[in-house]
Amino acid sequence: MLRSGSINTGTRLLSVIANIEALDVDIILSGHLDVVGAKKELFTPRMVDDWLYGRGAMDMKSGCAAMIEAFKKVAGESDQTMALLLTTDEEIGGFSGTKELLDTAGYRAKVALVPDGGYKENQIALKEKGVIRIHLSLE
């Protein structure tokens, strides 16, 4: 049984698809659908030698398409509980999408798969840059 629904976190309405009602699942497939802003002409996709070029073609969108297909195929038949989280705020920090689904809605998983791109085509990313905010007080 697949379930889709909206979660009102108090500041946003977020959508989640899952194969269970619980918030604590075995596997979370997580991706983002937004892209960094650019000139309008850069949003027109084009094919070159069987490769798709355009805004977001390499940055997670193929990963999201693969996760949607995998979820549709596996979630209804698997003994593993799963949730598919697709948000639209990653390029601006992720605080109003994934963070709210974890902190406010309470989603948890034993493992999360986040197939974000950003490197050369056909190459798996083994590390990535990130941001950490630390507040120190000294006496």
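These are my notebook entries on one protein chain, taken from a predicted model.

**Entry 1: the overall layout**

I started by counting elements, and the protein chain has 2 helices and 7 strands. Reading along the sequence, I noted the order β-β-β-β-β-α-β-α-β. Next I looked up burial: of the 139 residues, 27% count as buried. I also checked how contacts are spread along the sequence. Among those between residues at least 6 apart, 68% join residues at least 24 apart. For the surface, I wrote down about 10000 Å² exposed by the protein chain, with carbon and sulfur atoms supplying 56% of it.

**Entry 2: helix α1**

I picked helix α1, residues 57–74, and checked its length. With 18 residues at 1.5 Å a residue, α1 should span 26 Å, and its end C-alpha atoms are 24 Å apart, so the two agree.

Then I asked myself: which residues of α1 are buried? My list reads M60, K61, G63, C64, M67 and F71. Looking down the axis of α1, I found these buried residues within an arc of 160 degrees, so they line one face of the helix. On the other side of α1, I found K72 and K73 exposed.

**Entry 3: H32 and what it touches**

I moved on to H32, which sits in strand β3, residues 24–32. Is H32 buried or exposed? H32 has a relative accessible area of 2%, so I put it down as buried, the cut-off being under 20%. I then looked up its contacts, skipping neighbours within four places in sequence. H32 touches D59, M60, K61, C64, T87, E90, E91 and D116. I recognised some of these names from my α1 list, as M60, K61 and C64 are among the buried residues of that helix.

**Entry 4: salt bridges**

How many salt bridges does the structure hold? I got 3. As a reminder to myself, side chains of opposite charge can pair when their charged atoms come close.

I took K110 and D26 to begin with; their side chains meet at 3.1 Å, N to O. This pair links distant parts of the chain, with K110 in strand β7 (residues 108–113) and D26 in strand β3, 84 residues apart. The two ends have their own burial labels: K110 is exposed, at a relative accessible area of 71%, whereas D26 counts as buried at 12%.

Next came K72 and E69, whose side chains form a salt bridge at 3.0 Å, N to O. Both lie in helix α1, 3 residues apart, or about one turn of the helix. E69 counts as partly exposed at 46% relative accessibility, and I had already noted K72 as exposed.

Then I looked at K99 and D103, which meet in a salt bridge at 2.4 Å, N to O. Both are in helix α2, residues 98–103, and they sit 4 residues apart, about one turn of the helix. At 37% relative accessibility, K99 counts as partly exposed.

**Entry 5: a nonpolar patch**

My last look was at the surface. Which residues make a nonpolar surface patch of about 250 Å²? I found V48, W51 and Y53 there. Y53 belongs to strand β5, residues 51–53. I checked the accessibility of Y53 too: at 33%, Y53 counts as partly exposed.

Conventions:
Residues are numbered from 1 along each chain as its sequence is written. This is a predicted model: local features need pLDDT of at least 70, side-chain atom pairs count only at pLDDT 80 or more; totals for chains, interfaces and linings use all residues. Side-chain values use heavy atoms; hydrogens and water are left out. Patches are made of residues with over 30% relative accessible area and no salt bridge: like charges are joined within 9 Å, nonpolar side chains (Val, Leu, Ile, Met, Phe, Trp, Tyr) within 5 Å. Accessible areas come from the Shrake-Rupley method with a 1.4 Å probe; for residues, only the protein chains shown count as cover. A salt bridge is a side-chain nitrogen of Lys or Arg within 4 Å of a carboxyl oxygen of Asp or Glu. Buried means under 20% relative accessible area, exposed over 50%, partly exposed in between (1.4 Å probe, protein chains only). Contact means heavy atoms within 4.5 Å. The expected span of a helix is 1.5 Å times one less than its number of residues. The arc is that of the directions from the helix axis to the C-beta atoms.
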